[in-house]
Amino acid sequence: MTLKQTRLVTTDVAKLTRFYESVSQAKAEVLSNDYAQFQNEPCKGLAIIAQATTQAYGDGVAEAAANRSVILDFEVDCVDAEYERLQDIVSDWVMSPKLMPWGARAIVFRDPDGNLVNIYAHP
C-alpha cells in the first residue's frame with residue numbers, strides 16, 4: 001500500500017488552488033472546476049476537491065473548512081526567506097519563524113479554508 005495523495009475539501013477550488021500554487025510555486029493540473037491536483041514537486045500528492053463532489057461518497061461525508069487535525073508540512077532551505085516571500089500571500093499567520101524543540105526552524109499559517117500549513121527547515 002502506498003499513500004498517493006492528500007485531498008483538501010473546499011467550497012472554492014479555484015481560490016484554494018491559486019493559494020497553493022502561490023505558496024508552493026508549483027502549477028496545479030486543473031481537471032475540472034471541481035478538482036485540481038499537483039503532480040510535480042514541490043507539491044506532489046496534494047489535490048483540491050469541491051465539497052459538492054464528495055457527495056459521491058455519501059451525504060455529509062466531508063465538510064469544507066472544518067479541519068483541525070491535519071498539518072501540511074513543506075520542507076524548504078530557508079524558512080526566513082519563505083516567511084518574507086509569503087507576507088503578501090498568507091493572511092492568517094499562526095507562528096512566525098521559530099526554532100522548534102526538535103531542532104527545525106519553522107513557520108505556521110492557515111490556508112484560506114483554515115487548514116494548518118507548516119514550513120520548516122533543518123539547520
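Let me start with the charges: in this predicted model, the chain carries 11 positive and 17 negative charges, and the mean positions of these two groups lie 2 Å apart.

Turning to the fold, what order do the elements follow from the N terminus on? They run β-α-β-β-β-β-α-β-β-β, and in total the chain has 2 helices and 8 strands. The radius of gyration is 15 Å, close to the 14 Å that the globule rule gives for 123 residues, so the chain is as compact as a globular protein of that length. If you would rather picture a box, the C-alpha atoms fill one of roughly 45 × 35 × 25 Å, taken along the principal axes.

Next, the inside and the surface. Of the 123 residues, 43% are buried, while the chain as a whole exposes about 7,500 Å², of which carbon and sulfur atoms supply 48%. As for contacts between residues at least 6 apart in sequence, 50% of them join residues that are at least 24 apart.

Finally, the cysteines, where I would like to go step by step. A disulfide is a covalent bond between the sulfur atoms of two cysteines, and here the count comes to 0 disulfides. Why does Cys43 form no such bond? The closest cysteine sulfur to that of Cys43 belongs to Cys78 and is 19 Å away, which is too far for a bond, given that the sulfur atoms of a disulfide must be within 2.5 Å. Their surroundings can be described as well: Cys43 is buried, with a relative accessible area of 3%, whereas Cys78, at 39% relative accessibility, counts as partly exposed.

How values were computed
Residues numbered from 1 in each chain as written. Predicted model: local features only at pLDDT ≥ 70, side-chain atom pairs only at ≥ 80, totals over all residues. Heavy atoms only, no water. Helix = DSSP H or I, 4+ residues; strand = E, 2+ residues; numbered from the N terminus. Rg over C-alpha atoms; globule rule 2.2 N^0.38 Å. Buried < 20%, exposed > 50% of the residue type's maximum accessible area, 1.4 Å probe, protein only. Contact = heavy atoms within 4.5 Å. Areas by Shrake-Rupley, 256 points an atom, 1.4 Å probe, with all protein chains shown as cover. Lys, Arg positive; Asp, Glu negative; His and termini not counted. Charge placed at Lys NZ, Arg CZ, Asp CG, Glu CD.
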